[in-house]
Structure formats: structure tokens, C-alpha cells
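The following exercises concern salt bridges, sheet architecture and the packing of helices. Each task is followed by a solution that proceeds step by step.

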Amino acid sequence: QESGDDLIAPCAACFNRIKAIDYVLRSDAKTRAEVEEIVAFKFTGQVNIRPLIAVFLEDFGGEHLSQHVKKPLQGLKIVPYYGCLLVRPPHVTQFDDPDNPKVISDLLNILGAEVQDWSYATECCGAGLSLSRSDVVKSLVSNLVEKAKEAGADALVTACPLCQVNLEMRQTIEPKMTAFYFTELIGLAFGLKETNKWWSKHLIDPRPLLRTVGLAD
């Protein structure tokens, strides 16, 4: 509030939690008064909570982004993965369609990737249980990967780094499938030289896939 800026969350889980608190403070006067008294803070409702991907598409726009694409992601077959927190519950997140979100697909189309249709884009990957119930998470993640392969995809792309690492860490089926965070593909399509330093940080090396479609050395 003091800065007067939007609050941008690169993580879907963080976005959801902060947005949920913002919703409560806006809609529940009693709770707002209690919180304000406890933390000596006056809530004004002036801060707009937004996911990072919204900045790219809403603030810059598709036409502007397309002008910077130097290396279209042709041949890269991808399914968009939103997870369960970026678009739900809709009365809280107020972002995209909770049943059929489009924002990641719109971005991937601008970057020239081949977006595959599938029905599991908003299914939970279990990231919140990754440490406490890895058995459950392995089942959820492996099912998502299996369905992504059935859809004809070679990789997943997400707007949440927690989902991204969970999708790569908890796979049990072979061959394993890379999961990208969406900014990695923006950098790749924009021709940023730094991209070659990013791939070694993945738990599942994306370079073999990228080489097959001419997008990596």
C-alpha cells in the first residue's frame, strides 16, 4: 500500500494465499477490523494482487510480445498446466476461466509452440503434500504426465515454480517429461543467450528435447 504498486506473485500458491487474504479483508468487515488492530495496519484495498503471467499478457500484450520473438518454438509440443491454485476458487482469484483457462495457451501460441489440448490443466499435482505424503504426490504427478503424453505433448509448462519442480521431482514413469516455467520459454523464444545456463538447473534435463526441435545446441 505504501509503495502504491501492484503486488506481483511469480508463484501460483503464493498468489492464491495472498489473494485469499485480500478477499477476506475486502469482504469481511469484522475480520478486517480484528487484523487491523492486531498488526496496527489500515487496509485500504488499493493493492492489486496479480500473478506474474498476467503482467506479460495484460501489461505488454500479445502484439508487443510477438515483436520480440526471434526464435519461434516451432515443433515444441506442450500442454499448459495451471494447477489447482492459479484460477480457483474463482471468486477469490478472479483470474481467467476456472474450468477452461487460456492464458498460458495464449502465451505459448504467441511464442510459436504447438499447444496440445488436454483435460487435466487444472488438476492438482499435490505440491502441498510433496514432503508429507510423497506417495500421494507421485501418483498425482505420474497421472498428469501420462495424460500429457496421451495428448501428444513432449513437455509441460506451468506458471508456478512450485508446480514446476514438483512435476519434475515426483515422476515415476519413464521416459520422464520436462516441465518448464513459462518465463524460460519466453527467454528461449526471445533468443536470450542466458537460456543455455538455465537448463542444467532442471531435475529433468530439457536439452535433449530442445535439440530434437532445433532449439538448443
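**Exercise 1. Characterise the salt bridge between Glu 174 and Lys 176, and state which residues are joined into one network by shared partners.**

Step 1. Glu 174 and Lys 176 form a salt bridge in which the closest N and O atoms are 3.7 Å apart; the criterion is a side-chain nitrogen of Lys or Arg within 4 Å of a carboxyl oxygen of Asp or Glu. The model is predicted, with pLDDT of at least 70 needed for local features and 80 or more for side-chain atom pairs, while totals for chains, interfaces and linings use all residues. Residues are numbered from 1 along each chain as its sequence is written, and side-chain values use heavy atoms, leaving out hydrogens and water.

Step 2. Glu 174 is exposed, its relative accessible area being 60%, whereas Lys 176 is partly exposed at 37%. Here buried means under 20% relative accessible area, exposed over 50%, and partly exposed in between (1.4 Å probe, protein chains only).

Step 3. Asp 6, Arg 50, Glu 58 and Asp 59 are joined into one network by salt bridges that share partners. Within this group, the side chains of Asp 59 and Arg 50 meet at 2.8 Å, N to O. Asp 59 is partly exposed at 49% relative accessibility, and Arg 50 is buried at 8%.

Step 4. The search of the whole structure finds eight salt bridges.

**Exercise 2. How are Arg 26 and Asp 22 placed relative to one another in helix 1?**

Step 1. Both residues belong to helix 1 (residues 12–27), and because they are four residues apart, about one helical turn separates them. Helices are DSSP runs of H or I with at least four residues, strands are runs of E with at least two, and both are numbered from the N terminus.

Step 2. Their side chains meet in a salt bridge of 2.6 Å, N to O. Side chains of opposite charge can pair when their charged atoms come close.

Step 3. Asp 22 is buried, with 9% relative accessibility, while Arg 26 is partly exposed at 43%.

**Exercise 3. Determine the strand order of the open four-stranded sheet and trace the pairing of strand 5.**

Step 1. The order of the sheet is 4-3-5-6, with parallel pairing; strands count as paired if DSSP finds at least two bridges between them. Strand 4 (114–115) and strand 6 each have a single partner strand and stand at the edges, so one side of each lacks a neighbour in the sheet.

Step 2. Helix 6 (residues 103–111) packs on this sheet and touches strand 3, strand 4 and strand 5, contact meaning heavy atoms within 4.5 Å. The direction of helix 6 makes about 150° with that of strand 3. Axes are lines fitted to C-alpha atoms, for helices over the stretch in contact, and angles run from 0 to 180 degrees between N-to-C directions.

Step 3. Strand 5 pairs with strand 3 (residues 77–81) over four bridges, and Leu 156 is the bridge partner of Val 79. Strand 5 also pairs with strand 6 (residues 178–181) over four bridges, where Leu 156 has Ala 179 as its bridge partner. Between strand 5 and strand 6 the chain passes through helix 8 (residues 161–169) in a right-handed β-α-β crossover: with the strands pointing away from the viewer, the path from the first strand over the helix to the second runs clockwise.

Step 4. In a regular strand the side chains alternate between the two faces of the sheet. In strand 5 (residues 155–158), Ala 155 and Val 157 point one way, Leu 156 and Thr 158 point the other way, and all are buried.

**Exercise 4. Is helix 9 largely enclosed or open, and what does Leu 185 touch?**

Step 1. Helix 9 is largely enclosed by the rest of the structure, because seven of its eight residues are buried. Among them are Phe 182, Glu 184 and Leu 185.

Step 2. Helix 9 (residues 182–189) lies across strand 3, strand 5 and strand 6, at about 80° to strand 6.

Step 3. Not counting residues up to four places away in sequence, Leu 185 touches Leu 73, Leu 76, Ile 78, Leu 108, Leu 111, Val 157 and Phe 180.
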